[in-house]
Structure formats: structure tokens, C-alpha cells
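I sat down with this structure to see how it is put together. My notes are below the view.

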Amino acid sequence: MMLDFNKTTSSSRLKLKLGFTLIELLVVIAIMSVLMGLVGPLALKGLDKAKSREEVMTLNRWLDDLAYRAFLSQVTINLRLSGKQASASSDEVNFLKVVDFDYIYFHPQTIVFNHHGFSSQTQISYQQNQQDYVLEIPRTLSVK
């Protein structure tokens with residue numbers, strides 16, 4: 001009986017090439033871990049920036065809504081900004097709305113929207129990521 005070494009070596013080569021070795025899998029997992037460690041924080045930082053910009057836009061829309069609400073219902077609306085919270089209320093009608101913000105911090109301030117929809121201030125100051133910002137209230141909604 002003579003063994004044919006060519007047949008046994010070719011069949012053993014096929015068995016070895018059917019899958020990945022443990023070392024190859026560990027190398028791929030290590031590379032993926034390094035890439036996720038580098039890219040993950042950048043993606044989260046970008047997401048935080050987008051959410052903070054969204055909150056500023058929400059505040060801007062809310063200011064417009066309060067001005068129009070004061071005009072349409074012919075009442076005075078008081079907007080109190082303090083900390084991470086903004087609350088709008090009216091003494092003339094039963095109205096109270098509170099909005100909590102996650103990325104914006106307000107210095108204590110009060111803005112009054114009169115029954116014509118005009119505001120008592122032209123600017124709102126706030127902090128975002130430890131930096132001070134000023135939000136201009138559009139002139140069509142404010143009175144000097």
C-alpha cells in the first residue's frame with residue numbers, strides 16, 4: 001500500500017482554507033475596536049452639538065409662538081427663564097407652559113409679551129457649553 005502524499009496534502013489544504021483562524025478573527029476584532037474607540041467619541045460630540053442647536057431653534061420658535069398667542073388672545077404673557085427651565089404664564093387667562101432644556105442654561109430673566117405680541121426685551125442671554133450667547137428677538141416681535 002502506497003500512500004499518495006499529493007492527495008492527502010491537497011485535502012488537508014482545503015480543510016484549512018474553509019474558515020478563518022482564531023488569530024485572524026482576533027486581529028479583525030482588535031482593529032474594529034480601535035476604530036470604534038476613535039470614531040465613537042467624535043460621533044457622540046457631533047450628536048450633542050446637533051441637539052444643542054435644535055434646542056436653540058426650539059426656543060426661537062417658542063418665542064414666536066408666545067408672541068402670536070399674546071396677540072391673538074389679547075393677553076399679556078410672562079416668560080421666565082432661569083437655569084435650564086423656561087416657563088410661560090399669563091395672569092389674565094389660565095395658561096402655563098413649562099419647557100425644560102438639556103443643553104441651554106439661562107441667567108434669570110423675565111420677558112413680557114404684551115397684548116400686541118411685542119416683547120419687552122430685544123435679546124435673551126443664555127449659556128451653551130460654558131460659553132455665553134445672545135439670542136436676538138426679531139424686531140417685528142419686540143419693542144424698544
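These entries go from the whole chain to one helix.

**Overall layout.** I am working from a predicted model. I counted the elements and found two helices and six strands. I then read along the sequence and noted the pattern α-α-β-β-β-β-β-β.

**Surface and core.** I looked up burial for the protein, which has 144 residues, and buried ones make up 26%. The exposed area comes to about 10,700 Å². Carbon and sulfur atoms supply 62% of that area. I also checked contacts between residues at least 6 apart in sequence: 43% of them join residues at least 24 apart.

**Helix α2, length.** I turned to α2, which runs over residues 22-73 and has 52 residues. From first C-alpha to last, α2 reaches 72 Å. At 1.5 Å a residue I would expect 76 Å, so the computed span is close to that.

**Helix α2, bend.** Where does α2 bend? I find the bend at V39, by about 25°. A proline, P41, follows V39 within four residues.

**Helix α2, buried side.** Which residues of α2 are buried? My list is S52, E55, V56, L59, W62, L63, L66, A67 and A70. I then asked what these buried residues pack against. The partners are β1 (77-83), β2 (85-90), β3 (95-100), β4 (104-113), β5 (123-128) and β6 (131-136).

**After the helix.** My last look was at Q74, just after α2. Q74 takes a positive phi of about 55°.

Conventions: Residues are numbered from 1 along each chain as its sequence is written. This is a predicted model: local features need pLDDT of at least 70, side-chain atom pairs count only at pLDDT 80 or more; totals for chains, interfaces and linings use all residues. Side-chain values use heavy atoms; hydrogens and water are left out. The bend at a residue is the angle between axes fitted to the seven residues ending there and the seven starting there. Buried means under 20% relative accessible area, exposed over 50%, partly exposed in between (1.4 Å probe, protein chains only). Contact means heavy atoms within 4.5 Å. Accessible areas come from the Shrake-Rupley method with a 1.4 Å probe; for residues, only the protein chains shown count as cover.
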